[in-house]
Amino acid sequence: MESPKITKHFTWRDASCKCGKCGPMPDTIIDNVVELAERLEKVVVTANKLVKKFKLNLEEITLTITSWYRCYSKDAHGLGLAVDISCRDNVHRYLLIAAAIICGFNRIGTYVLTTDRKIIHLDIDNTNPLIRPPYQLWVES
Ligand SMILES: [Zn+2]
């Protein structure tokens, strides 16, 4: 059976912790997940508008979530306020980051874990600006 949807493109399965040990997502996280899903919908729309605007010959952009809520995380993932998206190539990285910035994301990370595992981290955690400062774009490998 298909997992229930949060918004048009994202399901509760996308958002759930993948550790395999925890139970359902805590109630305190749910509003955060919904807010992030709504923000991500805007990123999808904007990324596809950029494809048109730049006349790129690309298939419709979708976001493939690799990690969202993580029960064991002390960072924004632990609050349901961060998501990792797999990123195909440099063109898609440009489009996704441009769209995220246009849509007001101010904490973005890019990771190249292996040659075929490239990730973009987007988060909307502004709950603790001293620990997680806004207006950050970090790069890690
Ligand atoms: Zn878990």
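## The β3-β4 pair

Strands β3 and β4 pair in the antiparallel sense, over seven bridges. A two-residue hairpin joins β3 to β4. This is a predicted model. G109 has H121 as its bridge partner in β4.

G109 also has a bridge partner in β5, namely W138. Here the sense is parallel: β3 and β5 are joined by five bridges.

## The whole sheet

The sheet is open and has five strands. Their order is β1-β2-β4-β3-β5, and the pairing is mixed. The edges are β1 (65-67) and β5 (136-140), each of which pairs on one side only. From one strand to the next, the twist averages 25 degrees.

At the β1 edge, the pairing with β2 (residues 82-86) is antiparallel and rests on two bridges. Take I65: the bridge partner in β2 is I85.

## Helix α3 on the sheet

Helix α3 covers residues 90-102. Helix α3 lies across β2, β3 (107-114) and β4 (117-123). Relative to β4, helix α3 runs at about 0 degrees.

L96 has contacts in several places. Leaving out residues up to four places away in sequence, L96 touches A47, I85, C87 and I120.

## Helix α2

Helix α2 spans residues 27-53, a run of 27 residues. From first C-alpha to last, α2 reaches 40 Å. That is close to the 39 Å expected at 1.5 Å a residue.

Which residues of α2 are buried? They are N32, V33, L36, A37, L40, V43, V44 and A47. The cover over these buried residues includes α1 (12-15), β2 and α3.

## The nonpolar core

In soluble globular proteins, nonpolar side chains tend to be buried together. The largest nonpolar core here has 30 residues. Within this core, L40 and L96 touch the most other members.

Four elements give two or more residues to the core: α2, β2, α3 and β4. The biggest contribution comes from α2, with seven residues.

## The loop from α2 to β1

K55 comes just after α2, in the loop between α2 and β1. K55 takes a positive phi of about 55 degrees although it is not a glycine. Is K55 buried or exposed? K55 has 6 other C-beta atoms within 10 Å, so it is exposed.

T62 sits in the loop between α2 and β1. T62 counts as exposed because 11 other C-beta atoms lie within 10 Å, and the cut-off for exposed is 12 or fewer. T62 still has contacts: T62 touches H9 and V44, not counting residues up to four places away in sequence. V44 is one of the buried residues of α2.

E41 and T62 are 21 residues apart along the chain. Their C-alpha atoms are separated by 9.6 Å.

## The loop from β4 to β5

Y135 lies in the loop between β4 and β5. The phi of Y135 is near 60 degrees, a positive value in a residue other than glycine. Y135 has 8 C-beta neighbours inside 10 Å and therefore counts as exposed.

Definitions and conventions:
Residues are numbered from 1 along each chain as its sequence is written. This is a predicted model: local features need pLDDT of at least 70, side-chain atom pairs count only at pLDDT 80 or more; totals for chains, interfaces and linings use all residues. Two strands pair if DSSP finds at least two bridges between them. Axes are lines fitted to C-alpha atoms, for helices over the stretch in contact, and angles run from 0 to 180 degrees between N-to-C directions. Two residues are in contact if their C-beta atoms, placed from the backbone, lie within 7 Å. The expected span of a helix is 1.5 Å times one less than its number of residues. A residue is buried if 20 or more other C-beta atoms lie within 10 Å of its own, exposed if 12 or fewer, and partly exposed in between; C-beta atoms are placed from the backbone. A nonpolar core is a set of buried Ala, Val, Leu, Ile, Met, Phe, Trp, Tyr and Cys residues joined through C-beta atoms within 7 Å.
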